[in-house]
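Student: I should like a close look at a single part of this structure, set in the context of its surroundings. Please explain the terms as you go.

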Amino acid sequence: LRAKTTSIDYNIAKIDEASSVKWIDCYTNCTLLRSEKISLLSGRESNASIKTIFIGKKFDQLDIEASAIHNAPNTTSEIQAKGVLENSSKNIYRGLIHMTASAENSTGKQKEEVLILSEAAEASSIPKLVIDNNNVKCAHAASIGHIDAEKLFYLQSRGLSDAAARQTIVDGFLEPIKNQLNPDVILQ
């Protein structure tokens, strides 16, 4: 039996001139999760990276928020999340990049991708850009989808069972962030 686990975390970092912060989070086996990361880019040429992996199973409820607030010129931020939802798990992901009036020549990117493995799982993505300075570069993207039937067929035609083919696709999907984790972390 899987124990019920509740996790609540709130983290904020103020990044001064020519400094950086790198958040890498991995959420698995959380029955109820509320997570918020805020990066305040307060100094020139500061940098923030927020990368998240989440895996929802059974009836897990995952509420994740990531924000990068650009308060100085020549700052950069990247927000990236990849999640896998199965059974009746649910996820809501909120991403925010705010370019204040003083954020000239700054760049911000955010992207969330969710792989849905069952018909009962649900994902909601809310990417948001607030731009108070026209001399910045910003982008956001979100995608929610199922395993591609052609990819699954291809792997099965190469001798993998249905379960092994699905796991191979999930592993490949998570790999861009997973390879930045401590090698001792095991995702299940």
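Tutor: A residue is called buried when its relative accessible area is under 20%, exposed when that area is over 50%, and partly exposed in between (1.4 Å probe, protein chains only). Helices (H or I, at least four residues) and strands (E, at least two) are DSSP runs, numbered from the N terminus. The model is predicted, with local features requiring pLDDT of at least 70 and side-chain atom pairs counting only at pLDDT 80 or more, while totals for chains, interfaces and linings use all residues. Residues are numbered from 1 along each chain as its sequence is written, and side-chain values use heavy atoms, with hydrogens and water left out.

The part chosen here is strand β8, which is mostly covered, 7 of its 10 residues being buried. Strand β8 belongs to an open sheet of 5 strands, ordered β2-β4-β6-β8-β10, in which the pairing is parallel. Its edge strands are β2 (20-27) and β10 (137-146), each of which pairs on one side only. Direction ignored, neighbouring strands of this sheet are turned by 0° against each other on average; axes are lines fitted to C-alpha atoms, for helices over the stretch in contact, and angles run from 0 to 180 degrees between N-to-C directions.

Two strands are said to pair if DSSP finds at least two bridges between them. On one side, β8 (residues 107-116) pairs with β6 (residues 76-85) in the parallel sense over 10 bridges. Within this pairing, E113 of β8 is the bridge partner of K82, and V114 of β8 is that of G83. With β10, too, β8 pairs in the parallel sense over 10 bridges; there, A142 in β10 is the bridge partner of E112. Strands of a sheet pair through backbone hydrogen bonds, either parallel or antiparallel.

Helix α2 (residues 162-178) lies across β4 (47-56), β6 and β8, and runs at about 155° to β6. A contact means heavy atoms within 4.5 Å. T52, which is placed in strand β4, touches D25, Y27, I64, Q80, A81, K82 and I177, leaving aside residues up to four places away in sequence. T52 counts as buried because its relative accessibility is 2%.

The strand also contributes to a nonpolar core, that is, a set of buried Ala, Val, Leu, Ile, Met, Phe, Trp, Tyr and Cys residues joined through side-chain atoms within 4.5 Å. The largest such core has 27 residues, and F54, I79, L85 and Y93 have the most contacts inside it. Among the strands that each supply at least two residues of this core are β4, β5 (61-70), β6 and β8; β5 gives the most, with 4 residues. L85 touches V114, L115 and I116, among other residues more than four places away in sequence. Apart from this core lies another, of 14 residues, among them I53, I55, I147 and A165.

A second open sheet of 5 strands has the order β1-β3-β5-β7-β9, again with parallel pairing. Here β1 and β9 (122-131) stand at the edges with a single partner strand each, so one side of each has no neighbour in the sheet. From one strand to the next, the twist averages 5°. Inside this sheet, β5 and β7 pair in the parallel sense over 10 bridges, and S67 has L96 of β7 as its bridge partner.
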